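Got your viewer ready? Load the model, pick a cartoon style, and keep the selection box handy for a short walk.

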Amino acid sequence: MTIIETSKRFWTKKTLLGLGLGQFLSLLITSTGFSSSELARRGIDAPTSQSFLNYVLLAIVYGSILLYRRKALKTRWYYYILLGLVDVEANFLVVKAYQYTSITSIMLLDCWTIPCVILLTWFFLKTSYKWRKFVGVAVCVAGLVMVIFSDVHATDHSGGNNPIKGDMLVIAGATLYAITNVSEEFFVKKTDRIELMAMLGLFGAIISACQVGILERNELKSIHWSTGAVIPFIGFSLAMFMFYSFVPILLKNNGSTMLNLSLLTSDMWTVLIRIFAYHQKVDWIYFIAFAAVAIGLVVYSGGDKEDENPGDDTNIENEIMKCRDVEDGMRSSR
């Protein structure tokens, strides 16, 4: 086999789509981080309120398309309630953790999402992972760990006012993120992207509104809504709306693990923005770490074909049929 033939087999259309879309999503997450940092700098602590606007946009845009179609839902509506609840609380827990622990701890512990996703997709979706996939995961995580140790060596010596509580919040949030990602992969492969986004937006908005009314009502009243506060709020919501809109595409083509590995580079993009936009100096180890994550992503996704894991769709279909059989059995027993 020639080098050209090997290269064509490795750099497939699916691989290039996964790498490109993954980095676009990573940049969107980076922009939400800057928006959240600006809000925190202004003393605004309303994580659920930030997510609420995103859910409203999802419900309006995709809900309108769903209503226009006038088709029955392909999945039971109460499954989407559970998905919305898990998604809202995942966002809330991780953002809340910044009040108690350091950003270094959050970056490290947020990697817990990756093994959770691998375990959940293997157990529930019956996804098979070759040794090359595990090598790619290991290289990506090693690159992020390099960034974390660089932060510890450089500036981040603060552990927060309650690091144990903060770390537990991150671990809980990362676990919920994994559940959300795998659930979305399940739904988007066998139902419909428009339906998924519309229902997630609808129930996410309802749950967020209830939580805002209980936990953040006083915080919203105390905010001075100047231009400097409104722009980051809107920027965060628009970036999250685009992120949620494109995530199902990556999940359907490349899976949950590829999504979470791609998002590891968001910290590297933050560093590059600090260098070129704010002219800040960073440790040289960042560049090695960025290269390591990039290599890991290529190793993980390289050679992916449209028919890879051909049994996945059959297994997902079987799981859906099992759920429907259980529901039918429950109805008949009443």
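The stops below go from the whole chain to single side chains.

**The whole chain**

Start with everything shown as cartoon. This is a predicted model, and colouring by pLDDT is a good first move. The average pLDDT of the protein is 80, and 79% of the residues reach at least 70. Now select residues 306–311, where pLDDT stays under 50. The model gives this stretch eight contacts beyond four places in sequence. Where pLDDT is low, the predicted coordinates should not be read in detail.

Switch to colouring by secondary structure. How many helices and how many strands does the protein have? There are 14 helices and zero strands, so from the N terminus on every element in the run is α. Of the 334 residues, 46% are buried. Among contacts with a separation of 6 or more, 91% are between residues 24 or more positions apart.

**The nonpolar cores**

Next, select Leu 25, Tyr 244, Leu 261 and Leu 264 and show them as sticks. These residues have the most contacts inside the largest nonpolar core, which has 54 residues. Add helix H9, residues 193–222: this helix supplies nine residues, the largest share of that core. In soluble globular proteins, nonpolar side chains tend to be buried together.

Zoom in on Leu 261. Leaving aside residues up to four places away in sequence, Leu 261 touches Ile 114, Val 137, Cys 140, Leu 297 and Tyr 300. Then select Leu 93, Ala 97, Tyr 100 and Val 170, which are among the eight residues of a second, separate core.

**Aromatic rings**

Show the side chains of Phe, Tyr and Trp. The structure holds eleven aromatic pairs. One of them joins Trp 225 and Phe 233, edge-to-face, with 5.2 Å centre to centre and 65° between the planes. Are the two partners buried or exposed to a similar degree, or do they fall in separate classes? Trp 225 counts as partly exposed because its relative accessibility is 43%, while Phe 233, at 5%, counts as buried.

Move on to Phe 243 and Tyr 244, an edge-to-face pair with 6.1 Å centre to centre and 70° between the planes. Phe 243 is buried at 11% relative accessibility, and Tyr 244 is buried at 6%. Add Tyr 55 to the selection: ring pairs link Tyr 55, Phe 243 and Tyr 244 into a cluster.

**Two buried hydroxyl side chains**

Select Thr 32, found in helix H2 (residues 13–41). Its relative accessibility is 7%, so Thr 32 counts as buried. What does its side chain reach at 2.6 Å? The partner is the backbone oxygen of Ile 29. Farther along the sequence, Thr 32 touches Phe 236, Ala 239 and Met 240.

Now go to Ser 256 in helix H11 (residues 256–262). With 1% relative accessibility, Ser 256 is buried. A distance label between the side chains of Ser 256 and Glu 185 will show a polar contact of 2.5 Å. The side chain of Ser 256 also reaches the backbone oxygen of Asn 181 at 3.3 Å. If you expand the selection, the residues that Ser 256 touches include Val 117, Thr 121, Val 182 and Leu 251.

**Helix H3 and two loop residues**

Select Ser 64 in helix H3 (residues 47–69). Ser 64 is partly exposed, with a relative accessible area of 43%. Draw a line from its C-alpha atom to that of Ile 194: the two are separated by 9.8 Å, although the residues are 130 apart along the chain.

Step on to Arg 70, in the loop between H3 and helix H4 (77–97). Arg 70 is exposed, with a relative accessible area of 78%. Check its backbone torsions too: phi is positive, about 55°, although Arg 70 is not a glycine.

Finish at Lys 126, in the loop between helix H6 (113–124) and helix H7 (131–154). Lys 126 is another residue other than glycine with a positive phi, near 60°. At 39% relative accessibility, Lys 126 counts as partly exposed. For a last view, show Phe 123 as well: Lys 126 lies over the face of that ring, at 5.9 Å from the ring centre.

Conventions:
Residues are numbered from 1 along each chain as its sequence is written. Side-chain values use heavy atoms; hydrogens and water are left out. pLDDT is the predictor's confidence in each residue, from 0 to 100. Contact means heavy atoms within 4.5 Å. A nonpolar core is a set of buried Ala, Val, Leu, Ile, Met, Phe, Trp, Tyr and Cys residues joined through side-chain atoms within 4.5 Å. Buried means under 20% relative accessible area, exposed over 50%, partly exposed in between (1.4 Å probe, protein chains only). Helices (H or I, at least four residues) and strands (E, at least two) are DSSP runs, numbered from the N terminus. A polar contact is a pair of N or O atoms within 3.5 Å; within protein, one must be able to donate a hydrogen and the other to accept it, and residues adjacent in sequence count only if both atoms are side-chain atoms. Rings of Phe, Tyr and Trp (its six-membered ring) pair if their centres lie within 6.5 Å; planes under 30 degrees apart count as stacked, over 60 as edge-to-face and the rest as tilted. A charge sits over a ring if NZ of Lys or CZ of Arg is within 6 Å of the ring centre and within 35 degrees of the ring normal.
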